[in-house]
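Colleague: I should like to learn how to read the features of a structural model in an orderly way. May we begin with the sheets and then turn to charged pairs and helix packing?

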Amino acid sequence: MPDPMAPPTPPVPLEALLAREDLGLRRVAGPDDPGTVVHWAQTSEMADPYPYLLGGELLLSAGVHIPEGAGAGYFDAYVSRIVAAGGAALGFGLAPVHEKVPTALAEACEMRGLPLLEVPPGVTFSGVARAVWQLMAQARTAELRRVTEAQQGLATAAARPDPVRPVLHQLAQRLGGWAVLYAPDTTEVAHAGTAPPPQARAALTALAGVVRPVPRPAAGSSASSVATGVPPREQGREQGKAGGGGGGGPAAPAEPEAGRTTSDRPRPTPAGEGGPATAPKPEAGRVPGDRRPVAPPASPAPASASDTAAGSHLATYALGSGNGFVLGVASPHRNPGDHTIASVGAALLSLLTGRQPSGAAARSSALVRLLLGTPPEDVVPLLGAERWHVVHARPDGPTGPDPLAVSALGTALGSDLVDPSGEAVRVLVPAGRPVGPLPGWTLGVSPAAPPDWPAADTRAARALARARATRVPLVRHGDRPALTDLVPPPDADAHARALLAPIADAPALTDTLRTWLSLHGSWDRTAVALSVHRNTVRQRIARCAALLAADLDDPDVRMELWFALRRT
């Protein structure tokens, strides 16, 4: 299947092929319809080419298969099989087998409505095929340029103030028709362009009611939202079919396929008929008479549907934001790149109509509210989580974190709430995202609800110091109830202040004592954690012992001091 986001190769108008002077092709029979298109050229000398045609071909033959004395019955059967296979036209080469086009063949093509072209002597069939591919390449280049320009216009429109209407205006202009945004109840919220006839407008509204960004329905349920492709041989025929898919990014009605199985045969489809979207048979997954193999279930994609009514091509797209809005487009002509253009418009509108503000806008709003005095617990809903991890991180190398490493750290932790100031990088990570060891970093983690963020920040810093001292990649501060929770907080705070009063005015002594106790009295590890010399640690601990008048080798004294230090 072709890439749904790239416009397929457009077919070649038969008139463009006839206009090539280097080929000198001449129409000798069949309808003179400017809408006749060719998808490829195929050479065959089979008396019955039906099993070998895919549909949409310019079949080339020199008449080698024609038996001597063949009558009108032979030619009628031959042409009827080409028409049944969906052939677009027949090219008959003159010389060396036949000097002119058999009259009975021309009559059969005229009766069956198959264009018959005369290929003059000296013009090879490979030259005709090459001309077809050259015209297709030119058409594809032009279509890609049109799609690119449309994407740029849509992106520019999306950046304007009140962008929904500018995006709809660009869609309508690029598709040459009408674009409308439907509310969940299918009322028109905004529209732009030239509205289709009332019958087509009503059909488009009805089509908007059958698409929703939900998973593909199970067998036996309505398949109105299952997108169906239009095979090459049926291009230009207006069909009343609907299509769609599941929830995800934008999708649209499938473009004509690049190729089909030899068992696929054309289905009679009335031209110009509209009406409600019709669903394939649930048990077969397709319309009656279609003998193509059933395709595997498509990957999840937003629902979409297509239809034709009153000469207008209709399509609807359920926007992926999940708020029930639907984009509808109607145009008098359907070009190969229209699917891509409409898909880009649907993607932009999905972002523009989303319920929640963007991450940057939410964070900006949260910051403003905090600065204006709003309690942290009231701001957290803007950030999307109730509980968080406070992470302190330091790179393992001798230098501090550079901006690129800080950005990579935030990406690895799944958060852009990153503060790179200081020796350690601080990150707020939603509790739903696991925090594990990261190569090249040493982490300290402390869980906390918003009111406890400042205390969690202190605990995360201590966990980082312990991780660096013990040379492990990550240390988590435990959040289970501790023995200290059994003492009423006011009593515990009063005891801690009284016990630590002799060293309260010396932060260096307090931090050194806390780190030394947490590392079981290890001089070397404490020195590493504090980035000082081990002799400095010894001097500070001795000073603490003197000021506190305590024997720091006594485990009971250590336990009491640790209890007090945890309250500060």
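**Reading the model**

Modeller: Let us begin with a sheet: 5 strands form an open sheet in the order β2-β7-β6-β5-β4, with mixed pairing. Its edge strands are β2 (26-29) and β4 (40-43), each of which pairs on one side only. On average, neighbouring strands of this sheet are turned by 30° against each other, direction ignored. Please bear in mind throughout that this is a predicted model.

Colleague: What holds the strands of a sheet together, and how do β5 and β6 run relative to each other, parallel or antiparallel?

Modeller: Strands of a sheet pair through backbone hydrogen bonds, either parallel or antiparallel. Here strand β5 (residues 57-61) and strand β6 (residues 89-93) run parallel and are joined by 4 bridges. To locate the register, one may start from Leu 60, whose bridge partner in β6 is Gly 91.

Colleague: In which sense do β10 and β11 pair?

Modeller: Strand β10 (residues 304-309) pairs with β11 in the antiparallel sense, over 6 bridges. Ala 309 has Ser 312 in β11 as its bridge partner. The hairpin of β10 and β11 has 2 residues between the strands, and Ala 310 there takes a positive phi near 50°.

Colleague: Which strand pairs with β11 over a further set of bridges?

Modeller: That is strand β12 (residues 326-331), which pairs with β11 in the antiparallel sense over 6 bridges. Thr 316 can serve as a reference point, since its bridge partner in β12 is Gly 328. As for its surroundings, strand β11 (residues 312-318) is mostly covered, with 6 of its 7 residues buried.

Colleague: I turn now to charged side chains. How many salt bridges does the structure hold?

Modeller: The general idea is that side chains of opposite charge can pair when their charged atoms come close. The structure holds 14 salt bridges. One of them joins the side chains of Asp 76 and Arg 112, at 2.9 Å from N to O. This pair links distant parts of the chain, with Asp 76 in helix α2 (residues 72-84) and Arg 112 in helix α3 (residues 103-112), 36 residues apart. Arg 112 is partly exposed, its relative accessible area being 38%.

Colleague: How many residues apart in helix α4 are Arg 146 and Glu 143?

Modeller: The side chains of Arg 146 and Glu 143 meet in a salt bridge of 2.7 Å, N to O. The two residues are 3 apart in helix α4 (residues 125-158), so about one helical turn separates them. Glu 143 counts as buried because its relative accessibility is 10%, which is under the 20% limit.

Colleague: Where do Arg 394 and Glu 423 lie?

Modeller: Arg 394 forms a salt bridge with Glu 423, and their closest N and O atoms are 3.4 Å apart. Arg 394 lies in strand β13 (residues 388-395), whereas Glu 423 lies in the loop between β14 (418-419) and β15 (425-430), so the pair ties together parts that are 29 residues apart in sequence. Arg 394 is partly exposed, with a relative accessible area of 21%, while Glu 423, at 57% relative accessibility, counts as exposed.

Colleague: Which residues are linked in a network of salt bridges?

Modeller: Glu 15, Arg 27 and Asp 32 are linked in such a network.

Colleague: Let us consider helix packing. At what angle do α12 and α16 pack?

Modeller: One reads a helix pair by its angle, its axis separation and the residues that meet. Helix α12 (residues 489-500) and helix α16 (residues 555-565) pack at an angle of about 115°, and their axes are 8 Å apart. Their crossing is left-handed. From α12, Ala 492, His 495, Ala 496, Leu 499 and Leu 500 meet Glu 560, Leu 561, Phe 563, Ala 564 and Leu 565 of α16. The residues of this contact divide into 8 nonpolar, 1 polar and 1 charged.

Colleague: What is the secondary structure of the chain, and how much of the chain counts as buried?

Modeller: The chain comes to 16 helices and 17 strands. Of its 568 residues, 44% count as buried. Among contacts in the chain with a separation of 6 or more, residues 24 or more positions apart account for 69%. As a case of sequence separation, Ala 137 and Val 12 are 125 residues apart along the chain, and their C-alpha atoms are separated by 9.6 Å. Ala 137 lies in helix α4 and is partly exposed, with a relative accessible area of 44%.

Notes. Residues numbered from 1 in each chain as written. Predicted model: local features only at pLDDT ≥ 70, side-chain atom pairs only at ≥ 80, totals over all residues. Heavy atoms only, no water. Pairing = 2+ DSSP bridges. Axes fitted to C-alpha atoms, helices over the stretch in contact; angles between N-to-C directions. Buried < 20%, exposed > 50% of the residue type's maximum accessible area, 1.4 Å probe, protein only. Salt bridge = Lys/Arg side-chain N within 4 Å of Asp/Glu carboxyl O. Left-handed = near helix turned anticlockwise from the far one by under 90°. Contact = heavy atoms within 4.5 Å. Nonpolar A, V, L, I, M, F, W, Y, C, P; charged D, E, K, R; others polar.
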